[in-house]
Amino acid sequence: MATIRNIVILGGGTFGITAARKIAAKVDTTRYKVIVVTPRPYYVHLPGLIRTLVTSDGALEKQIFMPYGSTLNGKGDVVVANAVSFTETKEGGEISLSNGECIPYSGLVLAPGTKWEGALSLPDEPSAILEHIKSWREKIRNAASILLVGGGAVGVEFAGELKDYFPSKPVSLTHAHAQLLNDAYPDKYRSALLARLGKTGTEIILNDYVDVTEPSKDGTITTRSGKTIHADLIIPTRGGRPNTDVVSKSLGADSLTESGHIKVLPTLQLPDHPRIFAAGDAINWKEQKQAGKADGHAAVVAENVLTVLNGGEPSATYKGSPEIIIASVGRTGGASYLGVLWGPVFGDAVSSRIKSRGLLIEIIRQKLGLGRLE
């Protein structure tokens with residue numbers, strides 16, 4: 001009887017699960033088994049997390065945490081643990097887990113995602129996650145005024161939710177650039193988003209930095225330019241950092257860029273590591289880090305990992321994806337940009353219909369074959 005070889009995916013977020021499902025759909029189960037290693041027993045739907053942290057309305061914590069259930073359609077397993085390290089040989093390698101297990105692999109896909117700070121930094125244990133959410137809801141409810149540090153999509157959506165549920169609470173947002181977001185998006189979209197967020201009453205402070213995470217005793221924060229902001233709660237909403245410590249520990253620091261992203265070839269293989277692939281926010285690719293890129297990454301990874309395991313040379317290459325963004329501003333507002341054709345920009349009607357109202361929860365559940373918390 002032939003030995004069944006493992007294809008292991010490190011990371012149970014959007015990119016990891018999408019890659020696992022595409023591999024599982026192609027794999028011969030008499031030869032290979034797909035294993036997803038992830039620190040939590042359920043998928044975390046990040047687009048719904050901000051509203052969940054702001055309000056108990058709708059009990060979103062019962063919706064945004066989605067059990068993996070039958071996501072792999074019986075063609076693999078989900079192992080709940082952290083990867084401590086992994087080794088590599090000519091034929092594969094072995095992964096050491098925090099639960100003491102060691103899993104051999106013939107092919108490895110790294111999709112470790114992003115590390116966040118503050119409110120968005122979730123613990124791993126389900127009970128601790130619920131306490132974390134409860135704690136932040138209380139902090140937000142009790143705060144007299146709030147400062148958001150970072151005006152990317154996370155900061156914009158946090159401000160929108162705060163002003164939607166607490167319209168009289170003063171909310172300020174600082175951003176290092178002259179416009180919200182970054183220059184991956186055209187000025188016409190960034191201006192539209194600035195105007196839409198401004199309608200909520202959020203104080204938007206551009207071209208300025210805040211270096212602290214706690215206000216002074218008198219409830220003030222001084223920016224780098226010397227501006228004084230009144231707030232008794234600071235919420236970091238800067239972009240996250242790649243969650244790649246285990247990659248550096250296992251393969252060496254030269255497998256990462258200075259920013260901590262995983263170096264990859266257009267085949268999404270790691271250079272000099274033909275049986276190791278990477279996908280998602282943690283890879284060094286010039287594009288915005290968004291869940292909408294998952295299908296493009298996963299298609300390349302799925303085709304190439306199976307080609308390599310069958311003794312072939314990988315030929316599928318990742319060429320990037322159009323930049324598309326839907327930034328919610330509360331439950332009924334938002335601004336969207338489609339980076340094709342003439343680059344159309346849409347307002348509240350389109351943005352709320354697609355994302356702001358339902359936060360894409362049911363779309364993602366169906367797309368990834370996920371379950372519901374009881």
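**A walk through the core and its neighbours**

Visitor: Is strand 16 buried or exposed on its two faces, and which residues show this?
Guide: Happy to start there, keeping in mind that this is a predicted model. Buried here means under 20% relative accessible area. Strand 16 (residues 233-236) is covered on both faces. One side holds the buried L233 and I235, and the other the buried I234 and P236.

Visitor: Which residue of strand 16 stands opposite V149?
Guide: Strand 11 (residues 146-149) runs parallel to strand 16, and four bridges join them. Within strand 16, the residue opposite V149 is P236.

Visitor: Which helix gives the most to the largest nonpolar core?
Guide: That core has 96 residues, and F86, L110 and F158 have the most contacts inside it. With seven residues, the top contributor is helix 7 (residues 294-309).

Visitor: How many residues make up the second core?
Guide: This core is separate from the largest one. Among its members are L147, I205, I229 and A231. Its total is eight residues.

Visitor: What does L110 touch beyond its neighbours within four places in sequence?
Guide: Let's follow the chain. L110 meets L10 and F86, and also V247, I262 and L270. The remaining contacts of L110 are I276, F277, A278 and A279.

Visitor: Within what arc do the buried residues of helix 8 fall?
Guide: In helix 8 (residues 348-356), the buried residues are S351, S352, K355 and S356. Their cover includes helix 2 (49-54), helix 4 (153-165) and strands 20 (324-329), 21 (333-338) and 22 (345-346). Viewed down the helix 8 axis, these buried residues line one face, because they fall within an arc of 105°.

Key
Residues numbered from 1 in each chain as written. Predicted model: local features only at pLDDT ≥ 70, side-chain atom pairs only at ≥ 80, totals over all residues. Heavy atoms only, no water. Core = buried A, V, L, I, M, F, W, Y, C linked by side-chain atoms within 4.5 Å. Buried < 20%, exposed > 50% of the residue type's maximum accessible area, 1.4 Å probe, protein only. Contact = heavy atoms within 4.5 Å. Arc of directions from axis to C-beta. Pairing = 2+ DSSP bridges.
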